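Biologist: I should like a close look at a single part of this model, namely the pairing of charged side chains. Please then relate that part to the strands, loops and core around it.

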Amino acid sequence: MKKLKEYLIQFAGLKLGKHQFEYQLDNSFFECFDYSEFNAVDIKVDLILEKKNTMLELDFKYKGIVNVPCDLTNEIFDLPIKGKLKLIVNFGNTFNNENEELLVLPHGEFQVDVSQYIYEGIVLSVPVKRIHPGIKDGTLKTDALETLEKLSPKEEQEEQENIDPRWENLKKLLTDK
């Protein structure tokens, strides 16, 4: 995967304190990660980097929509997502990103790549089972559902009205006690 220059934050020249970064994501961001589960993406990411003497604190907040197919009906819909992620960057002898909340950069490093953390945060915010909101409230109208409704077996009410008279006699025995 090629590095995304826009998501490389050069912290070496920044003063101590908080610094804000904003990113507007679309499909091209996810194409860099070879991720094609989303039809369309519109997500805003707010990143606050707090530079301290010996470490960096990164607070990610993202909110937006991803256009995905429903897992039950395969209808396309806009799924709202939002989330937060906190990352602490320390400095050590070797690079270490094994912990999801702690990143260790080698001494002398002057920039941090936040694209992977943004990508993982958003992908993990999407529910495992994506269900169209119209299914939950019963307002979804599609050709597939209409066809299934037409083809589903109907209960014949005539059979219930034409009850065998022998059963009626047996029921009277139970009620005539």
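Modeller: In this predicted model, aspartate 71 forms a salt bridge with arginine 130, and their closest N and O atoms are 3.6 Å apart. The pair links distant parts of the chain: aspartate 71 belongs to the loop between E4 and E5, arginine 130 belongs to the loop between H2 and H3, and 59 residues separate them. Aspartate 71 counts as partly exposed, because its relative accessibility is 38%. Arginine 130 has a relative accessibility of 11% and therefore counts as buried, the cut-off for that class being under 20%.

Arginine 130 has a second partner. A salt bridge joins arginine 130 to glutamate 37, with 3.4 Å between the closest N and O atoms. This pair also links distant parts of the chain, 93 residues apart: glutamate 37 is in the loop between H1 and E3, while arginine 130 is in the loop between H2 and helix H3 (133-137). Glutamate 37 has a relative accessible area of 40% and is therefore partly exposed. Taken together, Glu37, Asp71 and Arg130 are linked in a network of salt bridges. As a general point, side chains of opposite charge can pair when their charged atoms come close.

The count for the model comes to 4 salt bridges. One of them joins glutamate 57 to lysine 52, where the closest N and O atoms are 3.0 Å apart. Glutamate 57 counts as buried, because its relative accessibility is 14%. Lysine 52, at 32% relative accessibility, counts as partly exposed.

The loops that carry the two acidic members of the network deserve attention in their own right. The loop between E4 and E5, where aspartate 71 is placed, also holds asparagine 74. E4 and E5 form a hairpin with 6 residues between them, and the phi of asparagine 74 is near 65°, a positive value in a residue other than glycine. Most residues other than glycine have a negative phi. Asparagine 74 counts as exposed, because its relative accessibility is 57%. The loop between H1 and E3, which holds glutamate 37, contains aspartate 34 as well. Here too phi is positive, near 55° for aspartate 34. Aspartate 34 has a relative accessible area of 73% and is therefore exposed.

The strands on either side of the hairpin turn are joined by 14 bridges, and E4 and E5 run antiparallel. Within this pairing, phenylalanine 60 stands opposite leucine 85 in E5. E5 is also joined to E6, by 5 bridges, and these two strands run parallel. There, glycine 92 has proline 106 in E6 as its bridge partner.

From the hairpin the view passes to the interior. The largest nonpolar core has 39 residues, and Val114, Ile118 and Ile122 are those with the most contacts inside it. At least two residues of this core come from each of strand E2 (17-25), helix H1 (27-31), strand E3 (40-51), strand E4 (56-69), strand E5 (76-92), strand E6 (102-106) and helix H2 (115-125). E4 gives the most to this core, with 6 residues. Several of the elements that border the network's loops thus recur here: H1 and E3 flank the loop of glutamate 37, E4 and E5 flank the loop of aspartate 71, and each of these four elements supplies at least two core residues. Leaving aside neighbours within four places in sequence, valine 114 is in contact with Tyr7, Ile9, Tyr23, Leu47, Leu58 and Phe60. Phe60 in that list is the residue that stands opposite leucine 85 in E5.

Nonpolar side chains are also found at the surface. Ile163, Trp167, Leu170 and Leu173 make a nonpolar surface patch of about 440 Å². Leucine 170 lies in helix H6 (residues 165-175), and it is partly exposed, because its relative accessible area is 45%.

To return to the part requested, arginine 130 is a buried residue that forms salt bridges with glutamate 37 and with aspartate 71.

Note on methods
Residues numbered from 1 in each chain as written. Predicted model: local features only at pLDDT ≥ 70, side-chain atom pairs only at ≥ 80, totals over all residues. Heavy atoms only, no water. Core = buried A, V, L, I, M, F, W, Y, C linked by side-chain atoms within 4.5 Å. Buried < 20%, exposed > 50% of the residue type's maximum accessible area, 1.4 Å probe, protein only. Contact = heavy atoms within 4.5 Å. Patch = residues over 30% accessible without salt bridge, like charges linked within 9 Å, V, L, I, M, F, W, Y side chains within 5 Å. Areas by Shrake-Rupley, 256 points an atom, 1.4 Å probe, with all protein chains shown as cover. Pairing = 2+ DSSP bridges.
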